[in-house]
Amino acid sequence: MEGQPTQAVSYIEWLRQSKGQPTFRTMLEADLRTAIEGANDLGHFFMLMEHMGYEIYHGNRLGFRLRGQDRFMYPERKNPLFSEDGIRAAIQGNLEAIEAGLRPATVRRPAYRPYQKHPKYTGLLALYVHYLYVLGKVGQQQHPPRMTPQLRQEVMKAERYRFQFAFLRENDIATQEDMTAFQSRTEETLASLTKQRTILSVRKKKRRKLYDALADVEALAQARQLYEEGLSGMETEFARYMDAVAVLDQCGIPRERLTAEKADIYRQLAELNHQIRAERKKLALCREICSHLPRMEQKINQVETKEMIRDDRRRR
């Protein structure tokens, strides 16, 4: 109303009001979609989100928060599209197919081949084939006659055992020696990837001031315009924008070159993080398999012993 002073609002609150988005979560999802559509790869996506004013947490789940927010938000909890795998797939041109339900946000694991007797399976592979066969029969309540609570729990885990079997087969792991050698190779690969990431992280840290300035200039360009148009509440953002411009002007590196350098480092770090997580999952799966082997052998022996007793009774 005329005659009343204009109420000062923060830049973030102004953005929320201007976009008609009542919550930070809906604004985040809109910005995620914008960054996905404009990104060339995952590293470029992270850079675009940072230039929109977000800090990013790289953990088991991707977290995002605007500068000034206390907590990170984890949008993939409600929508798998916003997981790292979902974002990667969407950037590759599959966003519409994912949203239409024609393509999963994450790549499905290879389907397990049904049990068939095959002479080539020995060692660990043979043990898994035998165990999956037993669980399949138990699930159908054919063998043994009564399903124990322990075996019932194992039947519920059958899909996980199928995945473990596929992993062993795909990596030619048939013996404990094969397992040990695979773990050693994986640990060496992990060490190499971690070293590469450390080198890149040091390069990124040395440029942190410049990279932050790039992000501020991009994220606060609208705040500068609003300030120059006379909107109150933009003073802090305008001052930060001008500080960032001064940092970039004084560094002596063309802004386009600095932006390309930052995008390349972010791309490499994103890919290395992806590879490191994959290698860690392999090692965790190896440990899981090794921990399951004694129990599998024990349960197979128990089932076969019961079957032998039952057959003996039938013959009497």
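## Contacts that hold the eye in this predicted model

The side chains of R255 and D249 form a salt bridge, with N and O 4.0 Å apart. This is a predicted model, and a search through it turns up 14 salt bridges, seven aromatic pairs and zero disulfides. Here is a friendly walk through some of these contacts, topic by topic.

**Salt bridges**

- In the R255–D249 pair, R255 is partly exposed, at 34% relative accessible area, while D249 is exposed, at 55%.
- Salt bridges with shared partners also link E84, R88, E271 and R277 into one network.
- Within that network, R277 and E84 form a salt bridge whose closest N and O atoms are 2.3 Å apart.
- R277 belongs to helix α12 (residues 255-315) and E84 to helix α4 (residues 84-99), so this pair ties together parts that lie 193 residues apart in sequence.
- The two partners sit in unlike surroundings: E84 is buried, with 11% relative accessibility, whereas R277 is partly exposed, with 23%.
- E159 and R162 make another salt bridge, at 3.2 Å from N to O.
- Both E159 and R162 lie in helix α7 (residues 158-170); they are three residues apart, which means about one helical turn separates them.
- E159 is exposed, at 53% relative accessible area, and R162 is partly exposed, at 26%.

**The β1–β2 hairpin**

- Strand β1 (residues 54-58) and strand β2 (residues 62-66) run antiparallel and are joined by five bridges.
- A hairpin of three residues connects β1 to β2.
- H58 stands opposite L62, a residue of β2.

**Aromatic contacts**

- Among the seven aromatic pairs, Y57 and Y74 meet edge-to-face, with 6.3 Å between ring centres and 90 degrees between the planes.
- That pair links distant parts of the chain, as Y57 is in strand β1 and Y74 is in the loop between β2 and α4, 17 residues apart.
- Y57 counts as partly exposed, at 40% relative accessibility.
- Y227 and F238 make a stacked pair, because their ring centres are 4.1 Å apart and their planes meet at 15 degrees.
- This stacked pair also links distant parts of the chain: Y227 is in helix α10 (residues 221-228) and F238 is in helix α11 (residues 235-251), eleven residues apart.
- Of these two, Y227 is partly exposed, with 33% relative accessibility, and F238 is buried, with 17%.
- F45, F46 and F64 come together as one aromatic cluster.
- A charged side chain meets a ring as well: K204 lies over the face of Y266, 4.6 Å from the ring centre.

**Cysteines**

- A disulfide is a covalent bond between the sulfur atoms of two cysteines.
- The structure has zero of them, and C286 offers an example: the cysteine sulfur closest to its own is that of C290, 6.6 Å away, so the two are too far apart for a bond.
- The cut-off for a disulfide is a sulfur pair within 2.5 Å.
- C286 is buried, with 0% relative accessible area.
- C251, by contrast, counts as partly exposed, at 25% relative accessibility.

Definitions and conventions
Residues are numbered from 1 along each chain as its sequence is written. This is a predicted model: local features need pLDDT of at least 70, side-chain atom pairs count only at pLDDT 80 or more; totals for chains, interfaces and linings use all residues. Side-chain values use heavy atoms; hydrogens and water are left out. Buried means under 20% relative accessible area, exposed over 50%, partly exposed in between (1.4 Å probe, protein chains only). Two strands pair if DSSP finds at least two bridges between them. Helices (H or I, at least four residues) and strands (E, at least two) are DSSP runs, numbered from the N terminus. Rings of Phe, Tyr and Trp (its six-membered ring) pair if their centres lie within 6.5 Å; planes under 30 degrees apart count as stacked, over 60 as edge-to-face and the rest as tilted. A charge sits over a ring if NZ of Lys or CZ of Arg is within 6 Å of the ring centre and within 35 degrees of the ring normal.
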